[in-house]
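Please take a look at the model below, with its sequence alongside. A short guided tour comes after it.

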Number of protein chains: 2
Amino acid sequence: MKRPTLEAVAARAGVSRATVSRVVNGSATVNPRIRTAVLRAVEELGYIPNSAARSLVTQRTGSIGLVVSEPPARVFSDDPFFLSVVRAVSQELEAADKQVVLMMPSTPAGQARVERYVAGRHVDGVILLSQHGADPLPAALLRTGVPVVSHGRPVSTARPPYCDADNVGGARAAVEHLLATGRRRIAAITGPPDMSAGLDRLAGYREVLSGTDRRSLAALGDFTRESGAAAMAQLLEDDPGLDAVFAANDLMAAGALHALRKAGRRVPDDVAVVGFDDIDAARYTDPPLTTVRQPVVEVARAAVRMLLAGGERPAEPVVLPTELIVRDST
Amino acid sequence: MKRPTLEAVAARAGVSRATVSRVVNGSATVNPRIRTAVLRAVEELGYIPNSAARSLVTQRTGSIGLVVSEPPARVFSDDPFFLSVVRAVSQELEAADKQVVLMMPSTPAGQARVERYVAGRHVDGVILLSQHGADPLPAALLRTGVPVVSHGRPVSTARPPYCDADNVGGARAAVEHLLATGRRRIAAITGPPDMSAGLDRLAGYREVLSGTDRRSLAALGDFTRESGAAAMAQLLEDDPGLDAVFAANDLMAAGALHALRKAGRRVPDDVAVVGFDDIDAARYTDPPLTTVRQPVVEVARAAVRMLLAGGERPAEPVVLPTELIVRDST
DNA sequence: CTGAAAGCGCTTACAG
DNA sequence: CTGAAAGCGCTTACAG
């Protein structure tokens, strides 16, 4: 059972292919009577345009690539925040009548495939997610000439336009809150040093402390729960007198909570903990986590808009405000 | 700057388009000298085949659709298990040299778009994720004639071939473990009644209890943490004497843990808790959660294989074994 | 082993 | 407002 073509519809409706095409594509300049006849033929035959043929002539596909370039062993296997972002972007793209092609290359070969895919114009544009500094893919994609927008400030040498949450400001609010509630020794658990979200949050933390007489004290994490627990243990060893910790994301904050409990410290009595992201789980840690909420949907929407706007001129970055959510861990 | 076409490469290499096409597609029957010349021309021009043109003639796209049909308000915004599945499927598809088109329609209009997209042969096949009983999309996709495979036993009237973990067996193992460790009043927190994973796990729970003199006692959840907490509270009210609970997924088990703590019950001393999925967070609950691990990667691989095998004959379902992971909550 | 030619299914100036 | 025709960039029998 072959699929009906424009040709078949035209024959059935007794008009030319051009007319059918016009009706199908909603051109205004078609006689209402003819339009009705064509629509009926389309209906009767169950006609659906062949997208390859259409793309071939229009040079557009209606698809947008969502590229997540993540080392396989890494991070996101369990980060709900990442999923929220994918959902939000997907939702916005759907609203704009675009399809989402999800690409999560985990090997150099996979990256090469993504590059070919994009260069082959399988997609009309690309949104980059969770970039790492050393990743060569963003630059490669930029070179294809396909519009590229980054979700999150890029750290690589490639400099696509981007949208992001105000990571610096959010971190600043978190640390200021800690200070305001009387904490004296505030440590930080950082994200991976090649990701802007981690970098920017650390910068916010440092900014606030540098304005006081407090020393900053940071331990390295990689956004996983495990690394948060390990970093917390390390911090307790480095400075047993600390009374607060700012973790660069909620997953690490959850790990820190775990480590504190194991070390016999009470939260918030002995040590206050603040996270970042406000994932659902933040309301379910023990105690519920004070954290910084990001405008996930708004950032996603901004990125989609920026991309669809063409990305031709070097668009100004869009940076959206965050919000401190105070719960029981501080 | 227009992209070079086959034509341009042919001109540059001094051969016909047909020959270039053969070289590009790796046909064996090409004179090595000519092949080299063509390859050089491809290289020099930076030629990349236009995928729309290729699809138009080959009738294939190299893309597979991953369809997640989930009411917007629902569940998965925070379920790490879902993300694991997406990653695993994506990984397997990548290994098979296919691209992943992620479709998460959240409105009827979105569903209609997905249907058109698939019917328009934008993809060579579809993998269905997390189906709900009432969802009309699976049946619609099946009707398009495009190969469809379900990840997870389908519950709708549509009956695509499927791959799944052994949910019944896993639940059975969990409840038997509870029995073996001396628990007498074992309650259950169920998943949504229109999803097979929840249904099958409940069935496993009932099977085991029906072989004993114990009554079964279930409260309804929907796979979210919140619903797990609410269901637990309900169960404690219904039967204050319960000493164990089997939750149909880890997120609900985490919610139950929370509710138990709030009710002043100690885990596992007063009440034992078992979950299902073995998400990363299961090792970080307080106490760490006993749960049933699913072979995520293997199920994903099986689904991809089944799909690529063509799905022509009504393939036998593939159901893979689960494993009980005992931690401190039992 | 290679090339000329047909054809995949559409859109879009261009005439009328 | 409508149609005939060209053309999008490829692949693939079919000859040679």
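The report below covers the DNA surfaces, the aromatic rings and one helix.

## About the model

This is a predicted model, in which local features need pLDDT of at least 70 and side-chain atom pairs count only at pLDDT 80 or more, while totals for chains, interfaces and linings use all residues. Residues are numbered from 1 along each chain as its sequence is written, chains are lettered from A and ligands numbered from 1 in the order in which they are written, and side-chain values use heavy atoms, with hydrogens and water left out.

## Around DNA strand C

Let's begin with DNA strand C, which has 28 residues around it, and A:Leu6, A:Arg17, A:Ser21, B:Arg22 and B:Ile34 come nearest. Here, a residue is near a strand if one of its heavy atoms lies within 4 Å of it. Of the atoms of DNA strand C that come within 4 Å of the protein, 64% belong to sugar and phosphate.

Several polar contacts (pairs of N or O atoms within 3.5 Å; within protein, one must be able to donate a hydrogen and the other to accept it, and residues adjacent in sequence count only if both atoms are side-chain atoms) involve phosphate oxygens. One links a polar backbone atom of A:Leu6 to DNA strand C at 2.3 Å. The side chain of A:Arg54 places a polar atom 2.9 Å from a phosphate oxygen, and for B:Ser16 a side-chain N or O atom is 3.1 Å from one. Helix H2 (17-24) and helix H4 (51-58) of chain A, together with helix H2 (17-24) and helix H4 (51-58) of chain B, each give two or more residues to this surface. Helices (H or I, at least four residues) and strands (E, at least two) are DSSP runs, numbered from the N terminus. H4(A) gives the most, with five residues.

## Around DNA strand D

Which residues come closest to DNA strand D? They are A:Arg22, A:Ile34, B:Leu6, B:Arg17 and B:Ser21, out of 28 that surround the strand. Sugar and phosphate make up 64% of the DNA strand D atoms within 4 Å of the protein.

A side-chain N or O atom of A:Arg22 is 2.5 Å from a base oxygen of DNA strand D. Phosphate oxygens are met by the side chains of A:Thr19, at 2.7 Å, and B:Ser21, at 2.4 Å. H4(B) gives the most to this surface, with five residues.

## Aromatic pairs

Over all chains there are two aromatic pairs. Rings of Phe, Tyr and Trp (its six-membered ring) pair if their centres lie within 6.5 Å; planes under 30 degrees apart count as stacked, over 60 as edge-to-face and the rest as tilted. A:Phe246 and A:Phe276 are edge-to-face, because their centres are 6.5 Å apart and their planes at 65°. Both A:Phe246 and A:Phe276 are buried (under 20% relative accessible area, with exposed over 50% and partly exposed in between; 1.4 Å probe, protein chains only).

In chain B, B:Phe246 and B:Phe276 also pair edge-to-face, at 6.5 Å and 65°. B:Phe246 is in strand E8 (residues 244-247), and B:Phe276 is in the loop between strand E9 (272-274) and strand E10 (291-293), 30 residues apart.

## A buried helix

Helix H11 (residues 250-262) of chain B has 13 residues. Eleven of the 13 residues of H11(B) are buried, so the helix is largely enclosed by the rest of the structure. Among them are B:Asp250, B:Met252 and B:His258.

How values were computed
Expected span 1.5 Å × (residues − 1).
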